[in-house]
Each structure stands twice: as structure tokens, then as C-alpha cells.
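Work through the exercises below with the sequence and the model in view. Each task is followed by its solution.

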Amino acid sequence: MGLTQLIYCSRRSDDLRPEGLFSIRDQAVWNNAHRDLTGVLLFNRDRFLQCLEGERRTVTATFCTICQDARHEEIALMSVRDIVERSFPDWSMGLVDGDSASLRAAIGDVLTTDRFDPEGMPAETTITLMQRMRTLRFAY
């Protein structure tokens, strides 16, 4: 089967403490490595924007699991599309802070603002942002 890329946004549950982001990342790195999934999770204090890439059934099953995860609320599917190659072939799950200078610069390249607000982004913009993310280097 071919590759699929799925992008969604969600609101962080009030029950998720800030340090919980790292447990999400660590769990995703382990799970995704075993499922041949790649991607990146962007976040700010309140919102997540995540890109998942891999075989269609695996991406779909993972997204369904996320939809049942109490750490996420108000989940909105932004984009699902077939892809020829992965944007994040070496990232079983990157984690990027929405306040990081690198992310703000990438957002500024794509939008007229450098404010990370995934809920207000059109689907095409999220795809463009994810493509821009693959050129950046982060210390996570």
C-alpha cells in the first residue's frame, strides 16, 4: 500500500500538565517506530497540530486512538492525502514548541503572522507549514 499523510489539530485537555507533552512524545516515538509511522507534533499552551505519515491503515488506526485519548479535546481533521514520500522520514515523532523561534520563522514564511494558531489555519496552509517544517532543525 501507498503512503498517507494526516494532519489534525486539537485542544489540550485541562488535565494534561505541561510536562505531559514529553510523555506524549516519548510514547509516540516508541509506538510510531514499531508501526513505521513518522511525523511531528507542534504545540503551544492550548493547541496541538500533528502530522502523521505511514501506511494508510496504520495512520487511520493511530488517529482513531488519538481521538479516544482524553489528553486531546476538540479534535479537527485538517488534511488527509496520499503522498509519494514522507516529509519526516527520520522523525518517529518530532516535538516542536509553538513559541520556538524556528517555528515562528516557519509560520512567518507561510502566513502573514508568526503566531501559532492551528485552529485558524486552512488545510492547505497546514500542508505548506508541514512541508516547511521538514527543512528546519530542532533540538528535541
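**Exercise 1.** Classify C64 and C9 by accessibility, then look for disulfides.

Solution. Buried means under 20% relative accessible area, exposed over 50%, and partly exposed in between (1.4 Å probe, protein chains only). C64 has a relative accessible area of 44%, so C64 is partly exposed. C9 has 3%, so C9 is buried. A disulfide is a pair of cysteine sulfur atoms within 2.5 Å. The nearest cysteine sulfur to that of C64 belongs to C67, 6.2 Å away, and C64 is in no disulfide. The count of disulfides comes to 0.

This is a predicted model: local features need pLDDT of at least 70, side-chain atom pairs count only at pLDDT 80 or more, and totals for chains, interfaces and linings use all residues. Residues are numbered from 1 along each chain as its sequence is written, and side-chain values use heavy atoms, leaving out hydrogens and water.

**Exercise 2.** Check the span of helix α2 and find its buried side.

Solution. Helices (H or I, at least four residues) and strands (E, at least two) are DSSP runs, numbered from the N terminus. The expected span is 1.5 Å times one less than the number of residues. For the 12 residues of α2 this gives 16 Å, and the end C-alpha atoms are 16 Å apart, which agrees. V59, T62, F63 and I66 of α2 are buried. They cover an arc (of the directions from the helix axis to the C-beta atoms) of only 100°, so they lie on the same side of α2. The face turned away from that side carries the exposed residues R57 and T65.
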